[in-house]
Amino acid sequence: MRTKEYSLDERELLILLELRKNSRQSLAEISRRTNIPTSTVFDKIKKLERSLITKHTSFIDLSRIGYNTKAVFFVKSDKKEEFRNFSVNHKNINTISRIDNSYDYIIEAIFRNMGELYGFIEEMENFNVKKMSHHYIEEDVKREG
């Protein structure tokens with residue numbers, strides 16, 4: 001599914017870069033950092049919220065609430081739709097993306113410990129997983145830049 005492309009002007013790009021750094025900063029702060037009048041910042045953000053911005057969110061240090069194990073899974077399943085529904089609703093999955101080539105999905109998931117991770121792998125076996133590869137994430141070098 002292809003969506004309509006949006007062309008950003010220079011001011012919109014500067015504002016988006018500031019929002020990506022900290023979406024909670026004030027309009028005045030964004031104005032000061034970009035040298036764009038506050039009223040223009042307000043108008044541009046409202047326009048971007050209607051056309052490009054999908055949501056404002058916070059990133060959480062999940063290790064501070066006990067989720068110390070992060071992994072990425074590549075999965076090929078005979079039961080694609082059932083597996084997709086299972087994954088979309090699973091509490092440990094942060095992101096699931098449909099991919100091409102030799103796998104169906106790439107999944108980023110978080111767990112409190114290795115026992116939870118292996119329990120998740122056992123749950124996946126209910127979906128006729130033909131092929132799976134998983135890798136532990138040791139460090140996020142860059143995240144959502």
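Let's start with Lys47, which counts as partly exposed at 36% relative accessibility in this predicted model. Its salt-bridge partner is Glu12, with the closest N and O atoms 3.2 Å apart. That pair links distant parts of the chain, since Lys47 belongs to helix H3 and Glu12 to helix H1, 35 residues apart. Glu12 itself is buried, with a relative accessible area of just 1%; the cut-off for buried is under 20%.

Glu12 has another partner in Lys44, and here the closest N and O atoms are 4.0 Å apart. Once again distant parts of the chain are linked: Lys44 is in helix H3 (residues 38-51), Glu12 is in helix H1, and their positions lie 32 residues apart in the numbering. Unlike Lys47, which is partly exposed, Lys44 is buried, as is Glu12.

Helix H1 also reaches out to helix H2. Glu18 and Arg33 meet through their side chains in a salt bridge, at 3.7 Å from N to O. Glu18 sits in helix H1 and Arg33 in helix H2 (residues 27-34), 15 residues apart, so this too counts as a link between distant parts of the chain. Glu18 is buried at 7% relative accessible area, whereas Arg33 is partly exposed at 47%. Follow the shared partners and you get one salt-bridge network made of Glu18, Lys21, Glu29, Arg32 and Arg33. Across the whole structure there are 13 salt bridges. As a general point, side chains of opposite charge can pair when their charged atoms come close.

Helix H1 has a nonpolar side to its story as well. Leu17 is placed in this helix, which covers residues 10-21, and at 44% relative accessibility Leu17 counts as partly exposed. Together with Leu8, Leu13, Leu14 and Leu52, Leu17 forms a nonpolar surface patch with about 380 Å² of accessible area in total.

Now for the inside. The largest nonpolar core has 15 residues, and Phe73, Phe83, Ile107, Phe120 and Met124 have the most contacts within it. Strand S1 (69-77), helix H4 (80-88), strand S3 (105-111) and helix H5 (114-124) each contribute at least two of its residues. A second, separate core has 9 residues, among them Leu16, Leu19, Ile36 and Leu48.

Phe120 is worth a closer look. Setting aside neighbours within four places in sequence, Phe120 is in contact with Phe73, Phe86, His90, Ile93 and Phe111. Phe120 also belongs to a cluster linked by ring pairs, along with Phe73, Phe83, Phe86, Tyr105, Phe111 and Phe127.

The aromatic pairs come to 9 by count. One of them is Phe74 with Tyr103, a tilted pair at 5.7 Å centre to centre and 50° between the planes. Phe74 lies in strand S1 and Tyr103 in the loop between strand S2 (93-98) and S3, so the pair ties together parts 29 residues apart in sequence. Phe74 is partly exposed at 25% relative accessibility, while Tyr103 is buried at 17%.

Phe83 and Tyr105 make another tilted pair, 5.7 Å centre to centre with 40° between the planes. Here helix H4 supplies Phe83 and strand S3 supplies Tyr105, 22 residues apart, and the pair links distant parts of the chain. Both of these residues, Phe83 and Tyr105, are buried.

Notes:
Residues numbered from 1 in each chain as written. Predicted model: local features only at pLDDT ≥ 70, side-chain atom pairs only at ≥ 80, totals over all residues. Heavy atoms only, no water. Core = buried A, V, L, I, M, F, W, Y, C linked by side-chain atoms within 4.5 Å. Buried < 20%, exposed > 50% of the residue type's maximum accessible area, 1.4 Å probe, protein only. Helix = DSSP H or I, 4+ residues; strand = E, 2+ residues; numbered from the N terminus. Contact = heavy atoms within 4.5 Å. Patch = residues over 30% accessible without salt bridge, like charges linked within 9 Å, V, L, I, M, F, W, Y side chains within 5 Å. Areas by Shrake-Rupley, 256 points an atom, 1.4 Å probe, with all protein chains shown as cover. Phe/Tyr/Trp six-rings, centres within 6.5 Å; stacked < 30°, edge-to-face > 60°.
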